[in-house]
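How does one read a ligand site and a few single residues from a set of coordinates? Let us work through one case.

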Amino acid sequence: MAVVGAGIVGMSAAHFLSRAGWQVTVYDAGVVASGATGSADGAVSVASKKPGPLMTLAVAAVKFYEQLVATGILVDEYLPRSTFVVASDQEELAVLERHAGELEAAGVPIRMLRGAALMDVIGAAAPAAIAAAEVQREGHAVGYRVVERLRQLGGFTIRRNCRVSGFKSSNGRITGVMTEQGIESTDAVLLATGIGSMHFLAEAGLIRPRKGQLIVTDRAGADSPHFPGPLMSCRYLVSKGSQPAGSTAASRSLGLVIDPLRTGQFLIGGSREDRDDRETADADVVATLLRDAVALSPSLAQLRVIRVFSGLRAATRDGMPIVGNVGGADNVWIATGFEGDGICLGPMIGRLCQQMICGESPEQDISALDAARFGLTLAAAA
Ligand SMILES: Cc1cc2nc3c(=O)[nH]c(=O)nc-3n(C[C@H](O)[C@H](O)[C@H](O)COP(=O)(O)OP(=O)(O)OC[C@H]3O[C@@H](n4cnc5c(N)ncnc54)[C@H](O)[C@@H]3O)c2cc1C
């Protein structure tokens, strides 16, 4: 079995496939976690998800992280915590109330915070908030650490700096993987190649890079206000497409999350930019994010910015990931297009891919992600 891509999706699939008895080789053009997995925040979060199948899958994905901790696989790599979705004006409040209602309808535990309760819980961290929804029972995991844990657990081979350029096929089945080092035979292929997936697919423009810039501060001092969890502005929901913009004047591309890390630092982000695919940072975006962050949480102005980084999310045409069999070869599967949700969904998707590839019914309903909705086929060059 060849898994192409050593991000969180490919490495999770490799883990579960090898435990199901497959002999797995993972190929990556770079190193492990060198794609989006290595440049993400780690929100394992239902709070930001679009209502519908994605929100339902995220609820299951959070429980899956809990299982991976309980079974020893991700011990110490998953931090349970609440997320606080915050409204700072009346327009954001309308978004907050709608989204909180949809989260509750999906069975997510929510606590609405207003007045004295709001002040008690997040007043010190976010004095500008007029209301918040505490989305309980979710968490945080660092993508590259999850992947590193799976690598350490082993059971499969990893080929680094080994770009896959195409496949050899015979009678409608893939029989070999083509790399610069030659052709290696295989009995099945899973493409977990993030934004690199377009190289393998005949459909042009289905997946495009969506850049995100993130800011890291230094550690807060002992006298800094307590942050009970990450603060997510309602603008973030709009920028992610999880809620319609409505009359909100806020920018569609600059959502705001202020994430207090275990180290005492803060991660502030993140933009959603479709204008280029360069992993660069620019002063305009960084300055706007910092201004917005300080407007919500003035104590952040005391901290120094020590790093800015960016990464590329794989965004699909309809905003949903793509998981399933690729037409034209009955032993090729794909799992891609996770945009800003792959750290949350990745481990569970790896398990569901293993079930699909083993001919079992996946334990979650992933029909909304089915690759067949685009009639996907492999590119001639692949
Ligand atoms: C700024 C930012 C913040 C984010 N924050 C969050 C968050 O808080 N929560 C969340 O859930 N998600 C978040 N995400 C999204 C998350 O990072 C991705 O959805 C997830 O990492 C996708 O994982 P993947 O395995 O599908 O792809 P990737 O991690 O991109 O891995 C794909 C791999 O395939 C390899 N590859 C590509 N083409 C080839 C080829 N031809 N041959 C061999 N190898 C190839 C690449 O080198 C790469 O290593 C964020 C992303 C960004 C950019």
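The dialogue below goes from the domains to the ligand and then to single residues.

Q: Before we start, what kind of model is this?
A: It is a predicted model. Keep that in mind throughout.

Q: Which domains does the assignment give for the chain?
A: Begin with the bounds. The assignment gives domain 1 as 2–38 + 144–206 + 318–374. It gives domain 2 as 43–140 + 208–316. Each domain is thus written as a list of segments, so read every segment when you select one.

Q: How many Å separate the centres of domain 1 and domain 2?
A: Taken over C-alpha atoms, the centres are 28 Å apart. The contact between the domains takes 34 residues from domain 1 and 28 residues from domain 2.

Q: Where does the ligand lie relative to domain 1 and domain 2?
A: Ask which domains supply its shell. Both domain 1 and domain 2 give residues to that shell, so the ligand lies between them.

Q: Which elements each supply at least two residues of the shell around the ligand?
A: Two helices and two strands do: α1 (8–19) and α8 (342–357), together with β12 and β16 (305–316).

Q: How do the residues of the shell divide into nonpolar, polar and charged?
A: Sort them by class. The shell has 18 nonpolar, 14 polar and 6 charged residues.

Q: Which of the 38 residues around the ligand come nearest?
A: Five of them: Asp28, Thr37, Val164, Glu339 and Cys344.

Q: What polar atoms lie by the ligand at valine 164, glutamate 339 and cysteine 344?
A: Look for N and O atoms on both sides. At valine 164, a backbone N or O atom lies 2.9 Å from a nitrogen atom of the ligand. At glutamate 339, a polar backbone atom is 2.8 Å from an oxygen atom of the ligand. At cysteine 344, a polar backbone atom is likewise 2.8 Å from a ligand oxygen atom. On its own, the ligand has 1000 Å² of accessible area, and the protein covers 93% of that.

Q: Now single residues. Is proline 230 buried or exposed?
A: Compare its relative accessible area with the cut-off. Proline 230 has 3%, and buried means under 20%, so proline 230 is buried. Its place is in the loop between β12 (207–217) and β13 (231–233).

Q: What is proline 230 in contact with, leaving aside its neighbours within four places in sequence?
A: Two runs of residues. One is Arg81, Ser82, Thr83 and Phe84. The other is Val257, Ile258, Asp259 and Pro260. As for valine 164, its C-alpha atom is 38 Å from that of proline 230, and the two are 66 residues apart along the chain.

Q: Is serine 233 buried or exposed?
A: Serine 233 counts as buried, because its relative accessibility is 2%. Serine 233 sits in strand β13. Beyond its neighbours within four places in sequence, it contacts Val86, Gly255 and Leu256.

Q: Is histidine 226 buried or exposed?
A: Here the other cut-off applies: exposed means over 50%. Histidine 226 has 59% relative accessibility, so it counts as exposed. It lies in the loop between β12 and β13. Lysine 240 is 14 residues from histidine 226 in sequence, and their C-alpha atoms are 27 Å apart in space.

Q: Where is glycine 359 found?
A: In the segment after α8. Glycine 359 is exposed, because its relative accessible area is 65%. Between the C-alpha atoms of glycine 359 and tyrosine 236 there are 38 Å. Along the chain, these two are 123 residues apart.

Definitions and conventions. Residues numbered from 1 in each chain as written. Predicted model: local features only at pLDDT ≥ 70, side-chain atom pairs only at ≥ 80, totals over all residues. Heavy atoms only, no water. Helix = DSSP H or I, 4+ residues; strand = E, 2+ residues; numbered from the N terminus. Buried < 20%, exposed > 50% of the residue type's maximum accessible area, 1.4 Å probe, protein only. Contact = heavy atoms within 4.5 Å. Near = heavy atom within 4 Å. Polar contact = N/O pair within 3.5 Å; in protein donor to acceptor, adjacent residues only side chain to side chain. Areas by Shrake-Rupley, 256 points an atom, 1.4 Å probe, with all protein chains shown as cover. Nonpolar A, V, L, I, M, F, W, Y, C, P; charged D, E, K, R; others polar.
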